[in-house]
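Colleague: I have not looked at this one before, so could you walk me through it at an easy pace? I will ask as we go along.

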Amino acid sequence: MALWALVSAVGLAVDDRFLVGAPIWAKPFKFFVSFAAYGLTLAWMLAQTIWGRRTGWWAGNVVVVTSLVEMVIITGQVIRGKRSHFNAETPFDETLYTVMGLTVVVLWAATLVIAVLLLRTRLADRATAWAIRGGVLIALAGAAVGFLMAQPTAEQRAAGDLDTADVIGAHSVGVPDGGPAMPLTGWSTTGGDLRIPHFVGMHALQLIPLFLIALVLLAPRIARLRDAELRLRLVRVVTAGYAGLVALTTWQALRGQPLIHPDAATLIAAGVLLAAVAAGVWAALRTAPEPVSVHPVSVHTETEPASGSKEFTA
C-alpha cells in the first residue's frame, strides 16, 4: 500500500485528468495511504492478542486480501478513466462495483473478528486495553458509514430510473458529487458529505492509541501522568468524546450540511460535546493523586568514640 501510494503520487504529478471534480489519482492515493495506516495498526493490535491467535492470523490475512482486491479495482478504473464507486454505467463497471461492495463487507467482518479477539484479550495495562478496544470499535462504526453511501440518494430515487441509472449512491448528501469541495480532502462545501464521519471513525484506530502513547511519552516530564489510573481515565474521556465526534459529523452530513458551514443546532451540539470532554478531563485530573516529591534525607547516628565524648556522624 505504501509503495502504491508513491505510484499514485507520481500519477497526481504527471496525469492531469479530472474525474468527478477531483484529480483522477487523488482517490487511489488517499485510499493507499489510509489502508497502509489501517494495516499497520491492525498488525500491532493483533500482536497484543494472546487468545485465538490463529483466528487473528486468518482475519488479518482476509483484511490484506480484500483491501488489495479493492485497490486493484480502484486503480484499474482510474487507468480506464472511469469512476470506481457507484458506477453502473456498463455491466462490466457494475460488476466491478459489486465486487468492491462484497470485499468491503468481508473486510468489515474480518475487522469485527479482530475486535472480538481484542475484547477477549486481557492486557496488563488497562489504559492500553481501553485505547485498543475503543479505537477498533469506533473504527468499525466509521467503516459502517460507508454502507450509507452505497444506498441510492433521495434525488436518485425521485428520478425513478434506478434500473437504468449510470450512478447509484453518492458521497454527498443534498448535492451532486463533484461540486465545490475542500482542498486536499475533497469534502463538499455545499452539502453534507458522508466521507467525513467515515474518515474520522476509521482513524480512531490510530488516533486513540496515539493519544495514550503521547501521555506515556509525557509522563517523565509531567509527574501526574505517571499514574496509570489517571491515564486510564483520560483515555476513557477521549474515547467517549471521539465517539461523540463521529456521531456529530454523521448527523451533520445526513442533514445535508457542509462541515465548514454548521448551523446553530450543530454548533450547540459541538459546544455540549466539547464541554463534556473538558469536564471529563477536569474530573480525571481532580481525582488523580498529587505526585509525591522525594527529597534526600540526612540521617544522623550517635556514636561513642573511645575517648568517651559523643560524636555525631551523618
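**Talking through the model**

Modeller: To begin with the surface, the chain exposes about 17,400 Å², and carbon and sulfur atoms supply 69% of that area. Please keep in mind that this is a predicted model.

Colleague: Okay, and how many helices and strands does the chain have?

Modeller: There are ten helices and six strands in the chain. The radius of gyration is 26 Å, well over the 20 Å that the globule rule gives for 314 residues, so the chain is more spread out than a compact globule.

Colleague: What does the C-alpha trace span along its principal axes?

Modeller: The C-alpha trace spans about 110 × 50 × 40 Å along those axes. As for contacts between residues at least 6 apart in sequence, 63% of them join residues at least 24 apart.

Colleague: And what percentage of the residues in the chain is buried?

Modeller: Buried residues account for 38% of the 314 residues.

Colleague: Let's go inside, then. Which residues touch the most other members in the largest nonpolar core?

Modeller: That core has 26 residues, and the ones touching the most other members are Tyr38, Leu42, Val63, Ile114, Leu118 and Leu205. At least two residues of this core come from each of helix H2 (26–47), helix H3 (53–80), helix H4 (91–120) and helix H5 (126–149).

Colleague: Which helix gives the most to this core?

Modeller: H4 gives the most, with seven residues. If you would like a single residue to follow, Ile114 touches Leu42, Leu46, Ala59, Gly60 and Val63, when residues up to four places away in sequence are not counted. There is also a second, separate core of 20 residues, which includes Ala131, Met182, Leu230 and Val246.

Colleague: Switching to charges, how far apart are the mean positions of the positive and negative ones?

Modeller: The chain has 23 positive and 20 negative charges, and their mean positions are 7 Å apart.

Colleague: Now the backbone. Which residue in the loop between strand E1 and strand E2 should I look at?

Modeller: Val20 is found in that loop, between strand E1 (18–19) and strand E2 (22–23). Its phi is near 50°, which is a positive value in a residue other than glycine. Val20 is partly exposed, since its relative accessible area is 35%.

Colleague: What about Leu184, what is its phi?

Modeller: Leu184 has a positive phi of about 70°, although it is not a glycine. It is found in the loop between strand E3 (172–173) and strand E4 (192–193).

Colleague: Is Leu184 buried or exposed?

Modeller: Leu184 is exposed, because its relative accessible area is 79% and the cut-off for exposed is over 50%.

Colleague: Does anything touch that stretch? I mean, which residues is Lys30 in contact with?

Modeller: Lys30 is in contact with Leu184, Thr185 and Gly186, leaving aside its neighbours within four places in sequence. Lys30 has its place in helix H2, and at 34% relative accessibility it counts as partly exposed. The C-alpha atoms of Lys30 and Leu42 are separated by 18 Å, and the two residues are twelve apart along the chain.

Colleague: Back to strand E3 for a moment, where I see Ser172. Why does Ser172 count as buried?

Modeller: Ser172 counts as buried because its relative accessibility is 5%, and buried means under 20%. Leaving aside neighbours within four places in sequence, Ser172 is in contact with Asp177, Ser188, Gly192 and Asp193.

Colleague: And Gln156, where is that found?

Modeller: Gln156 is found in helix H6, residues 154–159, and it is buried, with a relative accessible area of 16%. Not counting residues up to four places away in sequence, Gln156 touches Asp161, Leu162, Val167, Ile168 and Gly169. From C-alpha to C-alpha, Gln156 and Thr249 are 23 Å apart in space, with their positions 93 residues apart in sequence.

Colleague: One last spot. Does Ala13 count as buried or exposed?

Modeller: Ala13 counts as exposed, at 67% relative accessibility, and its place is in helix H1, residues 2–14. Ala13 and Pro23 are ten residues apart in sequence, and their C-alpha atoms are 9.7 Å apart in space.

Definitions and conventions
Residues numbered from 1 in each chain as written. Predicted model: local features only at pLDDT ≥ 70, side-chain atom pairs only at ≥ 80, totals over all residues. Heavy atoms only, no water. Core = buried A, V, L, I, M, F, W, Y, C linked by side-chain atoms within 4.5 Å. Buried < 20%, exposed > 50% of the residue type's maximum accessible area, 1.4 Å probe, protein only. Helix = DSSP H or I, 4+ residues; strand = E, 2+ residues; numbered from the N terminus. Contact = heavy atoms within 4.5 Å. Rg over C-alpha atoms; globule rule 2.2 N^0.38 Å. Areas by Shrake-Rupley, 256 points an atom, 1.4 Å probe, with all protein chains shown as cover. Lys, Arg positive; Asp, Glu negative; His and termini not counted. Charge placed at Lys NZ, Arg CZ, Asp CG, Glu CD.
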